[in-house]
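Here's a quick briefing to read with the structure open beside you. Have a look at the fold, then use the notes to find your way around.

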Amino acid sequence: MRMWFVCRFCCPAAQSNSNPEWEAKVLEYFKGQLKEKESHSWVPSLNDVPLHYLKPNSLVKFRCLVQDMFDPEFYMGVYETVDPSTKANVLRCGKYKDVTECGVDLNSRNTVTAERQTFYCVPIPGESPWAKEISFLSAARVVPSTSYVPSRQKRSYEEDDDMDTQPQKQREPHTGGGTKWCHRQETEAPSSQTTAPSDCSSHLDLNFPLPGERGPACLVKVYEGLDSFKLNDTLEIYGILSVNPVLTVLGEEKDPSLLLLNPTESMETPEEQRAHDPPASLVPRLHMLYARPLQHNNPLLPSAPTEDQSAFVSSFLVEMASVRAELLAYLTHVLLGDGLAAEYLLLHLISNVYTRRDVLPLGKFTLNLSGCPLNSYTERLYQIVQQLVPCSYRLSMSLHTMNSMRLVPKKDYVANRLVSGALQLARNTSLFLDETQLEQGQLDSSGVRNITALGNLISWQKVDYDFSYHQMEFPCNINVLVTSEGRSLLPSDCQVPLQPQVTPPNMEEYLTTIHMAQFTSQINKFRVYLSLARTLDYSISDEVTKAVEDDFVDMRKDDPQSVTAEDLHRMLVVASITCSSNGWMRAKHIDMLRRSRTEQQKSLNGNEP
Amino acid sequence: MRQPIGRSENWQCGVRTTTPSMPPLTSTGLEVDMSSPLMYGTPSSRVEGTPRSGVGGTPARQRPDLGSIRKAPQVDLHSEPPSADGAVASEQALGQKLVIWGTDVNVGTCKEKFQRFLQRFIDPASNEDENAGLDLNEPLYMQKLEEISVVGEPVLNVNCSHVQSFDADLYRQLISYPQEVIPTFDMAVNELFFERFPDSILEHQIQVRPYNALKTRNMRSLNPEDIDQMITISGMVIRTSQLIPEMQEAFFQCQVCAFFTRVEVDRGRIAEPAVCRNCNTIHSLALIHNRSAFSDKQMIKVQESPDDMPAGQTPHTTIVYAHNDLVDKVQPGDRINITGIYRAVPMRENPRQSNVKSVYKTHIDVIHFRKTDEKRLHGLDEDSDQKLFTEERVQILKELASKPDVYDRLSSALAPSIYEHEDIKKGILLQLFGGTRKDFSQTGRGNFRAEVNILLCGDPGTSKSQLLQYVFNLVPRGQYTSGKGSSAVGLTAYVMKDPETKQLVLQTGALVLSDNGICCIDEFDKMSDSTRSVLHEVMEQQTLSIAKAGIICQLNARTSVLAAANPVESQWNPKKTTIENIQLPHTLLSRFDLIFLMLDPQDEAYDRRLAHHLVALYYQSEEQIEEEFLDMAVLKDYIAYARTYINPRLNEEASQALIEAYVDMRKIGSGRGMVSAYPRQLESLIRLAEAHAKVRFSDKVETIDVEEAKRLHREALKQSATDPRTGFVDISILTTGMSATARKRKEEVARALKKMIQSKGKTPAMKYQQLFDDLRGQSEAAITKDMFEEALRALADEDYLTVTGKTVRLL
């Protein structure tokens, strides 16, 4: 099988060391192999297959987010060992490996030192259960090792297969799918997953950005192109799995008497040791051969920008308009018959920061849905959004969470790592801020900091990571949706008061019925639409430019107080997201509707600013 | 007493000679690999080389920073010449050419060269602060040796760039083989020193500390080739460890016969002698701690400075070991330049483990620290963060400066995404350049502020915050705070107890951190009064005084303040004055050089241009934008260059023009019985004119600079200090918080009220409401409640009446 290539490739080449280009050749070989059709699915994924079913030193892939970048390290690229029996010197290769063979001659002049860097990678935070499920189904057909017979999963397999064809009803309530998934993971890899995140931290904090996340974290050793990777990149990494138990033993308690003398031991605090050298059984090492940056993590779409994808896109474009109409109808139902709010929600879901002009991010579209009914409506709404987007997180903005939760990542200098926070998210993650949960009370200093961080995120699409001596700005691209009763206390690009057309006596039941009425294939179309619409380009003709100018001047003439540059900003964003030739007209139209609605609301409430 | 021979063992890695002999220690029965080339002794060269006779009683001191030769070379990167080469070298050496094994360093030549360097090197253009007080036309380092003989501090700091300019080959050797070359330098210096000052007594022999190696500037660029070489990197200290006593030499004593032996530490380990050589008892030797030799050592973690980092990555950290007197020289938070030797040590081999981790641990053995922000505490010099510009860059900048429209170009390059507001951008541009710093502290007049402060006020949603964000991102030492979220403590500094060391630490806030930069304060109006009050000192005196928890100090906060404020009523009320609109104390307002209003002009042509601008913003491609505007990086460099190198002074004409401008401003008011300008305004004009000269890269402030300063100042005044009642520009709105006409009216009302009360005859107490109604009925002008209350207050101040609750009593 393919996974054995590595072992055969590395060692003989190093031993001879005759061909210095062998490293490049190895990479080329693997890239070539992986380009082949279907070959991706051959490689077992760390996301799907429990660690102990994977063979050490085999080729695996991992879909992840770069959570932290450790300092570069020097390792023995080539070293010499002395065979104890024959006393012969043998050259060996240290690349793609964690430990050396026995009997290293440290003073050999053939030793070559090389540099590599370690990234701490976690599964993409907030990945929706459906995305995990589908990628699991499409990839896990391979049997990664002979000992891995997925007999235990047989039942669930069948179930999953059924789900592709049968209505949602089959796996209702839908959240059941998610929990079942978690459950399955739990039974398979109990060591890395304890029930509550608080338990995790006492045992070993895997540093996931979001609380309650599961899945393997991984130390990825990167050899090439160090500068091309950035923090919070989402990558699909192909590499060699290393779970050598030696790593764990080396990380054990040291003899304290030696600590005093040996400078290399005293360098690291126990915390640092724990963060940088966790037991390999919990945090496996992955020696990267090749990494593919992911534009999105929607498994329904071809991920690589190949001809494959463009064909897919053009085929989908045909039915784009109809899917959009269906999705709009669906969202209208979900938003209790409010078509305008549904349209804005749709625009919000496909918005994307496509560029930045000096400090100004262009294309962000934060939506504030005000006037949300209480009693778990927002929760259900989130579940529906979660069904549609590949990555999402609901932050319930209760006083307690705001005061206690860590939103902004912070550098821990004792352990020398970046302690993650809930705002360390992958691009295009949907962040659902539930302000209906907020009650009156006192925010403490960390609460104020958290609110400020959310405000900065919305206004500038950046998060200032706390490096204690200074702050560092990391630009991000997160779709923020705020649900609130009145106008949100957070800034937003657009506020839409929800006007329910129907008042179902039982909200739960109402939403469940709507949800179940959709076929899975239909939902999948929506999912593809949302991911695809985001990537489309849109340009503007001169006539439209002229029309925009004229319209703006006219609007200002009528009412200079209420139409400002900010309004124009918003309408231009909407126009560009609507992504059609009459985008501007539509943008103007719905903005007018929205405006009249807010006015109405104002006069109703009287005192709302 | 042992011979002070230890030091030479430290460095001599052996010159191949025909008569090998062992250093004394090896005779103690240590297992030494005799076959190792490292062990070749150098009796002749050492005996002659070390100026022991001249040194007399001055003991040598070990240099753990260079490491014992015997511990090296653990990692070999620069591929060593194969042994054949070494043989060739030694054969050549039969003449005079002995080289240290593995290098091309000949001790004799090297020493000679360095002595020549010390005796001859002159740098007339030197402006380093280390050389203050030295005669620049005399050999620099000879003067430093003299200083050593007087002060008695046996450390000689040598600037590597001096060595390079004197002898490039010597410099190369120093960088490549610091472990061998620096001890040779030590030897050379001591010889020279004790020849010249034979009677001086030092604590130990002089140690040479090179600094400013040009090899590496950035932590990120360290790579395996730098191992065992001398490097200089900059960074920020993030952690320092406790002092670690590192054993240099273990002292073992036999429990049976009291025979003792010393064992030197090798690669962090001590080979404990199993058998006593004297009485042959097995396992009788015990370590005696207080007779063993230790040296001080400290682990310091350094993080690369934020400016060196590519965007989107996390900062790297490096471990640094400081030895002996360099311990505790730096504190967390310090920005330092470190010169040292880069080391890589393999992970310790675990005896229980057959295979080891193939990773090296790297660290730097520090030779020299240099704090880069030291000068901020006590200097005026801005050299500390002097940015190095390449020739071509300077050429580009000068070319740009020579263009006649450079001022407009730069101002339009500022925040291109924000539309128009040309004058505001110009004001901010001048703020970025700042005036010329003047120091009159010798004559007792103190420092004059060179920084320009600007306040933007106006309607919400007029992209004030965006402008602030832009400026914050543009300047290297910018701080951004929001008035709502910051307290006085966060702005200034506070004293904190370090949980680890129980030490009191001064934590600096935004204002101190933006020293020499710009502090952007958003939502200035939302700031609490106590917070605002600290700004008074900062904005005029440019210092911050702290008296907290026993720490009393004054910190420099030479920061420009760029603040943004929203009107109190959320919408700007054109019928009110600036003060009334933003409700800030006039004492603070008068400290702003320029106060701009960012209002919605409400004009069709403007709207059209704005719309066009925004559409272009959204739909123009990246390249189109680039063509139109200057690159942000160029702008940054331009500002940095001008701030460092250009210090314009007023010429005669400009001074005259300024005087005239000031007199004119005073005249406007005097006609109407008001003061329309104060010396503060004159100072502002001077600063603005200087900044404008800086924009032109001109060393002289000329009339055109004054003209522009006047124009901008007038423009700002026109916006912010126009009395809405009369339409005149009235500076007293900003200086006293009230326009002259308003003050006049207040007096009139008070007089009328007094007259009315007097006319009522002897009534000791009156109803408040009754009085108000009476006054309103009597007066022909409309009298508001505010005006009435103000009048009552004025009369109360005159001790004419008192107001208690709802009744007014006469006194």
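What follows is a short tour, grouped by topic. Keep in mind that this is a predicted model. We start with a parallel sheet of five strands in chain A, go on to a buried serine and a buried glutamate in that chain, then turn to nonpolar cores and to chain B.

**The open sheet in chain A**
- The strand order is S10-S13-S16-S9-S17 in chain A, and the five strands make an open sheet with parallel pairing.
- The edges belong to S10 (392-396) and S17 (494-497) of chain A; each has a single partner strand, so one side of each goes without a neighbour in the sheet.
- On average, neighbouring strands here are turned by 20 degrees against each other, ignoring direction.
- Inside that order, S13 (residues 430-434) and S16 (residues 479-483) of chain A pair in parallel over five bridges.
- If you want a specific pair to click on, Leu431(A) has Val480(A) in S16(A) as its bridge partner.
- Helix H14 (residues 377-388) of chain A lies across S9 (367-370), S10, S13 and S16 of that chain, and runs at about 165 degrees to S10(A).

**Two buried polar residues in chain A**
- Ser370(A) sits in strand S9 of chain A.
- Is Ser370(A) buried or exposed? Its relative accessibility is 4%, so Ser370(A) counts as buried.
- Beyond its neighbours within four places in sequence, Ser370(A) contacts a run of residues including Ser484(A), Glu485(A), Gly486(A) and Arg487(A), and also Gln495(A), Val496(A), Pro497(A) and Leu498(A).
- Glu127(A) is in the loop between strand S3 (112-123) and helix H4 (129-139) of chain A.
- With 6% relative accessibility, Glu127(A) counts as buried.
- Leaving out residues within four places in sequence, Glu127(A) is in contact with Arg63(A), Lys132(A), Asn297(A), Pro390(A) and Cys391(A).
- Glu127(A) and Glu213(A) are 86 residues apart along the chain, and their C-alpha atoms are separated by 9.3 Å.

**Nonpolar cores**
- Which residues touch the most other members of the largest nonpolar core? Of its 72 residues, those are Tyr344(A) and Tyr529(A).
- Not counting residues up to four places away in sequence, Tyr344(A) touches Phe365(A), Leu367(A), Cys494(A), Val496(A), Val574(A), Ile590(A), Asp591(A) and Arg594(A).
- There is also a second, separate core of 59 residues, with Leu410(B), Met598(B), Leu658(B) and Ala693(B) among its members.

**Chain B as a whole**
- Chain B has 29 helices and 25 strands.
- Of its 811 residues, 51% are buried.
- Among contacts in chain B with a separation of 6 or more, 69% are between residues 24 or more positions apart.
- The exposed area of chain B is about 36,900 Å², with 50% of it supplied by carbon and sulfur atoms.

**Helix H13 of chain B**
- How does the length of H13 (residues 422-433) of chain B check out, and what should its 12 residues span? At 1.5 Å a residue they should span 16 Å, and the end C-alpha atoms are 17 Å apart, which agrees.
- In H13(B), 11 of the 12 residues are buried, so the helix is largely enclosed by the rest of the structure.
- The buried residues include Asp423(B), Lys425(B), Lys426(B) and Gln431(B), along with Ile424(B), Leu429(B) and Phe433(B).
- Right after H13(B) comes Gly434(B), with a positive phi near 75 degrees.

Note on methods
Residues numbered from 1 in each chain as written. Chains lettered and ligands numbered in written order. Predicted model: local features only at pLDDT ≥ 70, side-chain atom pairs only at ≥ 80, totals over all residues. Heavy atoms only, no water. Pairing = 2+ DSSP bridges. Helix = DSSP H or I, 4+ residues; strand = E, 2+ residues; numbered from the N terminus. Axes fitted to C-alpha atoms, helices over the stretch in contact; angles between N-to-C directions. Contact = heavy atoms within 4.5 Å. Buried < 20%, exposed > 50% of the residue type's maximum accessible area, 1.4 Å probe, protein only. Areas by Shrake-Rupley, 256 points an atom, 1.4 Å probe, with all protein chains shown as cover. Core = buried A, V, L, I, M, F, W, Y, C linked by side-chain atoms within 4.5 Å. Expected span 1.5 Å × (residues − 1).
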